[in-house]
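I opened a new structure today and kept notes as I went. The entries below follow the order in which I looked things up.

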Amino acid sequence: MSGGSHAGPSDWYKDAVIYEVRVPSFYDSNGDGCGDLRGLIARLDYLVDLGVSALWLLPLCPSPGRDDGYDISDYEGVSPEVGTLEDLKALLDAAHARGLRVITELVLNHTSDKHPWFQRARRAPKGSPDREWFVWSDDPSRYKGARIIFSDFEKSNWTWDDEAQAYYWHRFYHHQPDLNYDHAPVRDAMLAVVDHWFALGVDGLRLDAVPYLYEREGTSSENLPETHAFLKTLRARVDERWEGRMLLAEANQWPEDAVKYFGDGDECHMAFHFPLMPRLFMAMRREERRPITEILARTPDIPANCQWALFLRNHDELTLEMVTGEERDYLWREYARDPQARLNLGIRRRLAPLLFNDRRRMELMNALLLSLPGTPVLYYGDEIGMGDDLALGDRNGVRTPMQWSPDRNAGFSPADGSKLVLPLVTDPEYHWQTINVENQRRNESSLLNWTRRLLRLRAKHPAFGRGSAIFVDAGTEHAFAFVREHEGDRVLVVCNLSRFYRPLSLELSRWKGLVPVEMFGGVRFPEIGEGRWPVSLGPRGFCWFELKPPEPAA
Ligand code: BGC
């Protein structure tokens with residue numbers, strides 16, 4: 001069985017560059033103020049031109065919308081806000097015709113409290129099979145070891161339900177009851193949901209909140225063996241029925257726990273590397289590489305058919321769960337002085353404001369994102385340096401409409417401004433009249449055009465997606481350098497994390513005799529010889545070099 005067209009290698013995710021889209025905020029095709037699937041189709045050529053190869057679409061299913069669609073009330077439909085199943089099929093066809101893959105959400109852990117399964121369960125007699133679809137208790141002190149994730153909003157993982165006369169379990173908002181994976185019909189139902197989306201032709205599924213499927217007394221109720229056993233069943237089914245499709249684990253965990261979502265190459269194909277992300281910001285601020293190298297050293301090897309997904313920002317707060325308390329205080333102090341910017345254990349800001357709207361820092365961070373081992377995930381709008389809106393609640397400030405042009409409503413929608421799904425950013429520094437795709441297309445040195453060029457360079461070198469990574473001493477803690485190698489393709493990445501000019505001297509003796517050629521300009525640098533290889537970089541500068549054999553003498 002298979003749906004849609006899926007040409008190319010089955011491990012396409014290794015060479016991919018993923019672009020994360022919030023469909024309601026991307027482009028409104030029918031003038032109702034809300035972005036939609038037809039609007040996304042109309043903007044696919046923009047994404048091809050940008051140079052990404054896969055789209056990750058935030059939740060599309062019908063939902064009361066109290067957690068931006070992560071509160072699902074029907075797993076097999078499409079929310080009327082964004083369109084119909086037919087529109088989704090049209091999007092898949094249009095994307096595949098352009099060589100773009102499409103990844104959608106699989107919200108396994110919980111439903112909306114409006115989902116018919118929950119409505120049925122709360123009315124069903126205690127202990128009956130229908131009741132068992134969710135996790136109930138008379139005693140709200142069970143599973144005490146489980147932390148509260150939305151700590152700014154929820155005081156307990158249990159909420160009393162009058163109808164059921166019992167407490168129900170939820171790891172997120174109280175209106176998102178957790179499904180009970182100990183109940184076989186739940187497991188079967190979710191496997192059927194997987195079949196439904198793959199049959200439609202989606203190329204990958206992001207497994208939302210996957211560590212929390214089971215709960216057990218005396219544990220943290222995260223990463224339990226039962227969860228991994230279920231994932232192995234899920235993967236076996238995908239391998240049997242859905243060739244070339246991908247599963248991406250959203251497991252916000254320490255590296256040693258996160259790698260377990262790859263299993264022995266028999267669970268998820270990909271997993272987000274959560275702990276790396278805050279350490280990139282830490283390294284930028286401290287102007288030293290150690291936070292990055294330490295976490296990479298702590299990251300176990302992964303099975304050959306697997307790949308990390310790397311990101312700088314996404315639709316959630318920049319989570320600081322995977323750092324120590326001291327590091328969190330440091331990052332809050334340095335990146336979120338304004339208490340309004342803090343949310344749960346994180347920072348609710350976009351990339352540009354986090355990086356002080358400093359072009360050098362944005363380039364350096366993107367260069368790292370696109371060259372470290374893994375598949376990069378870009379968040380919509382960050383390619384033009386969009387700002388955010390702290391006046392909006394929860395995480396909405398980083399979910400505002402895409403800024404396409406200086407025209408009415410930033411070219412996002414022809415609707416009356418008051419009807420927009422979320423307000424446009426009007427902070428003078430990031431105002432949509434200035435920061436938008438049209439303006440940046442015209443300016444050859446814009447962030448958008450720079451990002452396009454960087455993506456084109458990346459696409460030429462399989463080493464970025466598939467290569468080994470060898471870290472190289474550069475003579476100072478302020479620099480970070482590494483070589484990526486894959487089947488004769490060799491790339492040297494050198495970064496100066498400091499705000500000052502720096503002379504560097506790189507230990508490259510194992511590549512002696514090769515010539516570093518800078519990729520943007522094709523300029524040949526001196527051949528790597530005996531001793532250290534010297535190079536100087538400007539403040540927060542970086543270079544990508546291809547390591548080439550010397551040209552034969554004329
Ligand atoms: C998603 C969030 C969502 C949560 C609950 C996450 O990990 O990324 O946006 O609120 O799951 O579904």
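**Entry 1: terms and a serine.** I first fixed what buried means: under 20% relative accessible area, with exposed over 50% and partly exposed in between, using a 1.4 Å probe and protein chains only. The model is predicted, so I noted that local features need pLDDT of at least 70 and side-chain atom pairs count only at pLDDT 80 or more, while totals for chains, interfaces and linings use all residues. Residues are numbered from 1 along each chain as its sequence is written, and side-chain values use heavy atoms, with hydrogens and water left out.

I then looked up serine 25. I found serine 25 in the loop between strand 1 (18-21) and helix 1 (37-42); helices (H or I, at least four residues) and strands (E, at least two) are DSSP runs, numbered from the N terminus. Is serine 25 buried or exposed? Serine 25 counts as buried, because its relative accessibility is 0%. Taking contact as heavy atoms within 4.5 Å, and leaving aside neighbours within four places in sequence, I listed Tyr380, Arg399, Thr400, Pro401, Met402, Phe412 and Val421 around serine 25. A polar atom of the serine 25 side chain lies 2.6 Å from the backbone oxygen of arginine 399.

**Entry 2: helix 5.** I checked the length of helix 5 (residues 184-200) next. The expected span of a helix is 1.5 Å times one less than its number of residues. For the 17 residues of helix 5 that gives 24 Å, and the end C-alpha atoms are 25 Å apart, which agrees. I wrote down the buried residues of helix 5, among them Val186, Met190, Val193, His196, Trp197 and Leu200. What covers the buried residues of helix 5? The cover includes helix 3 (85-97), strand 3 (101-107), helix 4 (116-123), strand 7 (204-208), helix 6 (225-241) and strand 8 (246-249). After helix 5 comes glycine 201, with a positive phi near 115°.

**Entry 3: salt bridges.** I used this rule: a salt bridge is a side-chain nitrogen of Lys or Arg within 4 Å of a carboxyl oxygen of Asp or Glu. How many salt bridges does the structure hold? I noted 48. One network of salt bridges links Arg22, Asp67, Asp68, Asp316, Asp394, Arg395 and Arg399.

In helix 6, I looked at aspartate 239 and arginine 235, whose closest N and O atoms are 3.0 Å apart in a salt bridge. The two are four residues apart in the helix, which means that about one helical turn separates them. An α-helix has 3.6 residues a turn, so residues three or four places apart point the same way. Aspartate 239 is partly exposed at 48% relative accessibility, whereas arginine 235 is buried at 6%.

**Entry 4: how the domains meet.** The domain assignment gives domain 1 (12-109 + 181-458), domain 2 (116-169) and domain 3 (467-548); such bounds come from an automatic or database domain assignment. I found the C-alpha centres of domain 1 and domain 3 to be 30 Å apart. Their contact takes 25 residues from domain 1 and 24 residues from domain 3.

Buried area is the accessible area (1.4 Å probe) that two parts lose on being put together, summed over both. Between domain 1 and domain 3 it is about 2,200 Å², with carbon and sulfur atoms giving 65%. On the side of domain 1, Glu287, Arg289 and Leu364 lose the most area to domain 3, together 34% of what that side buries.

The rule finds five salt bridges across this interface of domain 1 and domain 3. Glutamate 287 forms a salt bridge with arginine 540 (3.4 Å, N to O). The elements of domain 1 that give two or more residues to the side touching domain 3 are helix 8, helix 9, helix 12 (359-369) and helix 14 (447-459). Which of these gives the most? Helix 12 does, with six residues.

**Entry 5: one more bridge.** I last looked up arginine 499, which meets glutamate 287 in a salt bridge at 2.8 Å, N to O. Arginine 499 lies in the loop between strand 17 (489-496) and strand 18 (502-506) and glutamate 287 in the loop between helix 8 (276-286) and helix 9 (290-297), so the pair ties together parts 212 residues apart in sequence. Arginine 499 is partly exposed at 47%, and glutamate 287 is buried at 7%.

Methods
Polar contact = N/O pair within 3.5 Å; in protein donor to acceptor, adjacent residues only side chain to side chain.
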